Each structure stands twice: as C-alpha cells, then as structure tokens.
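The exercises below are meant to be worked with the sequence and the model open side by side. Try each task before reading the solution that follows.

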Amino acid sequence: MKDKYGVVLVGCGYIGATHLDDIYYRDNIRIVGVVDINESAARLFARKYGAESWSTDYNKYLTNDEVDIFIIATYTETHLEILKACISHGKHVLCEKPVADTLESSLEFVSAVRNASNSKVLVGHILRHNESYKTIADMIKNGAIGRPKVFRMAQNHNAVNWERYRHLLSFCPPLVDCGVHYIDVAQWFTGSKIVQVSGISTNIDGDVPDGSYNYSMMNAVLADGTVFNYESGWSRNMMANNLKEFIGDSGYIKLILSCDRSDGHELGDLIRWYDGKAGEHHIINVKSIYKDMYGQLLELIHMIEEPGYVSSPTIDDVESTMKVAFAADKAVRNNFVLRLDGQTQEIVGGDR
C-alpha cells in the first residue's frame, strides 16, 4: 500500500478535466504529468491542476518509476496503442470507454488486459461507481419491482460544441460511445445477457461525417426476457434528455438526476419507486456524484492493493458490452434483427 500514487493523465480535453477536477487535490494522489498532442492544452492543464510536468508525448513517462497509474482520456481510436505501451512497462491503467473504435480492436484490448501480468486495468464504466445506480441495482436484485420486464433509457445531447461532437462521430456513433454505459447497466441490473438487438438510425444534422449517424433507437432482448430500448443522439437540433426507467411485473423505478429535479436539488438524485405489491409510492433521495472519478480511481487502487479483488466492471463485463454495442451498431445501420449467442454474444443469426 502506498501513501501516494503517481498519476499521469493522457488527453487534456473535456473528460480529462473531469478526471482531474475530482482527483488532483486528493491526499493519496500526485499528478506527476499531463500529456496532450496540443502543447497549449497540456501547459494549461499542468498549471490549472498543479501537475509536476507536462508533455506532448506520453512515452517519456513510461520509464518513470514515480508513475504508477496512467489515465487514458484520449479519443477512442488511440486507446489500444497507449494501453499496450503502458502494460509493456508495468503501469496500471484507468481507460475511458469505449475501449476501441472497432470490435476487432476492442477484443485485442480485452486480450491485452487478460494477458497483463504486472498491470491492473480498469475501464471507465463510470455508472458502476454512481450511488444512485448502485442503489437501483440493489433494489432490483432484491425484488423491488418483481421480475424485470422493460427498461427504457435515453441519453440525448444538445450538441452545442458541434465540432467536438462531429469529431467524435468520425470514430464512434453515440450508440457505441454513450451506449456502452446503458448496455452495461441493463446487463448489470438483471444479471442477464443481451441475446437480440435491432433498431433504427438516421442523420438529423446535414453535416454528419460520411459513414456515421447521429441518432439511433436500439431495441434489445435479454436472456431473462427483459426488453430494453435505448435512444441516443448528438445533435444541434434536439433537446437534451436523460430518461432512466425500470419496469417490472410488480412495480417500477424511475431515476431523476438532481440537476433535472423541479425542486429539491440539494437533496440529491430522486428515485421514484412504485411498489406494485403493496400499492405504495415511495420517494428516495440519494446523495450521488454523477461522475465519481475519484471513486472510480479508488476501485483501481483496490485492484492494485488487494490480490484477488474483483473489479466493477470486470474485463468480462467490458467484453460483453463491446460485443453488444458493435452488434447493435451493425443492426441499426442495416435495419437487421441480430441474434446473439447467450454465452459468447457472438452473432449467430439475423434477418432484415
């Protein structure tokens, strides 16, 4: 166990700032360096977060014995290369999702993690460390809504910074980029695997990069019979929406984030629970950090310090989520219904 863990952030953009906002001042964290190919961004982050150094090249930190953990917060297509470099030098890694921009690269990422003997790797499925989501997971597993039947989720962004979103769309549609969170939630909450995906997609804005789309509706069926629909969009021409509703055969749960409450923001997130067996409505307030980056980093530290510790998510969870995400991407692009093997989640059948 160490008193302080030396951390290097690679990627000084929006999500990199979200990480450092929550960890740079912690007593057990030392920001050894920040890295970005944009020199001015790296300089700014170093000054803002008190980093000991900055660079445009992460390789200079790989042989630094004072560095324990790399946080990979770059664009998706660079994750695999940086991960491999970190593992080859025995560094631990917290990597943002999605782990890669293709299924093949995702599976290569997963394989590298499984074969790493001296490195612990955690993938940033941040909702696993959110107190509201953990509360709902426990409620569902303890029968609060009976048998899960329908999950309805939406994550639509009003893309004010359109150029940033256009760049993201060049590599990853919102169904994959944001969708990995909610695919993971559906499987986590039910303990079941998605075995069928279908859906629709379109371009709302006229300047979406070729070969991509910025709106989709995914429908999925889990092995336990739960049906799950997920709406995702990044557009200048749509309103932001954050619907999270979980319906069972004896009740429902709806999550309303503190920022979306009509009042009582100071009480935290609001969980509305209807207990169908008792015919009673309940309100549960949960103090929760939406993106608990420090809690997530502590999960990685537990992995480092406690042999045999089982992380949340596991690398098996990550692999499962990525397989479903890319199958869903294929389904909505081609108007297919794709059936997945219940164990491996490989595509085993499909039709128009």
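A residue is called buried when its relative accessible area is under 20%, exposed when it is over 50%, and partly exposed in between (1.4 Å probe, protein chains only). Helices (H or I, at least four residues) and strands (E, at least two) are DSSP runs, numbered from the N terminus. The model is predicted, so local features need pLDDT of at least 70 and side-chain atom pairs count only at pLDDT 80 or more, whereas totals for chains, interfaces and linings use all residues. Residues are numbered from 1 along each chain as its sequence is written, and side-chain values use heavy atoms, with hydrogens and water left out.

**Exercise 1. Determine how many residues of α1 are buried, and find what they pack against.**

Step 1. Apply the burial cut-off along the helix: I15, G16, A17, T18, H19, L20, D22 and I23 are buried in α1.

Step 2. Because 8 of the 10 residues of α1 are buried, this helix is largely enclosed by the rest of the structure.

Step 3. Look for contacts, meaning heavy atoms within 4.5 Å: the buried residues of α1 pack against β1, β2, α2, β4, β5 and α9.

**Exercise 2. Work out the strand order of the open sheet, and place helices α1 and α9 on it.**

Step 1. Two strands count as paired if DSSP finds at least two bridges between them. In general, strands of a sheet pair through backbone hydrogen bonds, either parallel or antiparallel.

Step 2. Here 6 strands form an open sheet with parallel pairing, and their order is β3-β2-β1-β4-β5-β6. The edges are β3 and β6 (121–123), each with a single partner strand, so one side of each is left without a neighbour in the sheet.

Step 3. For one pair in detail, β1 and β2 run parallel over 6 bridges, and V7 has I31 in β2 as its bridge partner.

Step 4. Angles run from 0 to 180 degrees between N-to-C directions, and axes are lines fitted to C-alpha atoms, for helices over the stretch in contact. Helix α1 (residues 14–23) lies across β1, β2, β4 and β5, at about 160° to β2, while helix α9 (residues 293–305) lies across β1, β2, β4, β5 and β6, at about 150° to β6.

**Exercise 3. Find what the salt bridges of K2, E52 and E319 join.**

Step 1. Take as a salt bridge a side-chain nitrogen of Lys or Arg within 4 Å of a carboxyl oxygen of Asp or Glu; the whole structure holds 20 of them.

Step 2. K2 and D68 meet through their side chains at 2.9 Å, N to O. K2 lies in the segment before β1 (5–10) and D68 in the loop between β3 (54–55) and β4 (69–72), so this pair ties together parts that are 66 residues apart in sequence. K2 is partly exposed, at 38% relative accessible area, whereas D68 is buried, at 13%.

Step 3. E52 and R30 form a salt bridge in which the closest N and O atoms are 2.5 Å apart. Because E52 lies in the loop between α2 (39–49) and β3, and R30 in strand β2 (residues 29–35), the pair ties together parts that are 22 residues apart in sequence.

Step 4. E319 pairs with K323, their closest N and O atoms being 3.6 Å apart. Both lie in helix α10, 4 residues apart, about one turn of the helix, and both E319 and K323 are buried. Salt bridges that share partners join R114, D316, E319, K323 and E346 into one network.

**Exercise 4. Describe how α5 packs on α8, by geometry and by residue class.**

Step 1. Helix α5 (residues 131–141) and helix α8 (residues 179–190) pack at an angle of about 35°, and their axes are 9 Å apart.

Step 2. Y133, K134, I136, A137, I140 and K141 in α5 meet Y182, V185, W188 and F189 in α8.

Step 3. Count Ala, Val, Leu, Ile, Met, Phe, Trp, Tyr, Cys and Pro as nonpolar, Asp, Glu, Lys and Arg as charged, and the others, Gly among them, as polar. The contact then has 8 nonpolar, no polar and 2 charged residues.
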